[in-house]
Amino acid sequence: MAAEHSPEEIGADTAERGQAPRAACDLGRLSELVGWLEEEYGPITENERAAAVAELENLDAEHERRRTLGARRDRPAAKKPLSEPIVVRKR
């Protein structure tokens, strides 16, 4: 599998944010890893690629769900009306 973006492309895209050297290095290492894995196990199939993309989408959805849940917990709870009145008895 060939890398979809060269380190130079990544460098150009991220240079304005000051991340070009790190991104290029990371992409280079990732390309080496992909090359080694394909030598060891063969290239991935379209079905494997689709399954990986689906898994990543599921993870993204779960993270978004947790962020949303966490944001709801940070807000003050709305007061819920009592289902039954409170009865105070005198002694």
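Here is a short back-and-forth about a predicted model, mostly about its helix α2.

User: What makes up the fold of the protein chain, going from the N terminus on?
Analyst: The elements run α-α-α, with 3 helices and 0 strands in the count.

User: How do you know that the length of α2 fits a helix?
Analyst: Take 1.5 Å a residue: the 22 residues, 20-41, should span 32 Å. The end C-alpha atoms of α2 are 31 Å apart, so the two values agree.

User: Which residues of α2 are called buried, and why?
Analyst: Buried means under 20% relative accessible area, so that's the cut-off Ala20, Ala23, Leu27, Val34 and Glu38 meet. They cover an arc of only 60° around the axis, which means they sit on the same side of α2. On the other side, Pro21, Arg22, Arg29, Glu32 and Glu39 are exposed.

User: Why is Trp36 called partly exposed?
Analyst: Its relative accessible area is 44%. Partly exposed lies between the 20% and 50% cut-offs, so Trp36 gets that label. Trp36 sits in α2.

User: What makes a nonpolar patch on the surface here?
Analyst: Leu30, Leu33, Trp36, Leu37 and Tyr41 form it, with about 550 Å² of accessible area together. Patch residues need over 30% relative accessible area, and Trp36, at 44%, therefore clears that bar.

User: What follows α2?
Analyst: Gly42, with a positive phi near 85°.

User: How much of the protein chain counts as buried?
Analyst: Just 9% of its 91 residues. The chain exposes about 8700 Å², and carbon and sulfur atoms supply 55% of that.

Technical notes. Residues are numbered from 1 along each chain as its sequence is written. This is a predicted model: local features need pLDDT of at least 70, side-chain atom pairs count only at pLDDT 80 or more; totals for chains, interfaces and linings use all residues. Side-chain values use heavy atoms; hydrogens and water are left out. Helices (H or I, at least four residues) and strands (E, at least two) are DSSP runs, numbered from the N terminus. The expected span of a helix is 1.5 Å times one less than its number of residues. Buried means under 20% relative accessible area, exposed over 50%, partly exposed in between (1.4 Å probe, protein chains only). The arc is that of the directions from the helix axis to the C-beta atoms. Patches are made of residues with over 30% relative accessible area and no salt bridge: like charges are joined within 9 Å, nonpolar side chains (Val, Leu, Ile, Met, Phe, Trp, Tyr) within 5 Å. Accessible areas come from the Shrake-Rupley method with a 1.4 Å probe; for residues, only the protein chains shown count as cover. A salt bridge is a side-chain nitrogen of Lys or Arg within 4 Å of a carboxyl oxygen of Asp or Glu.
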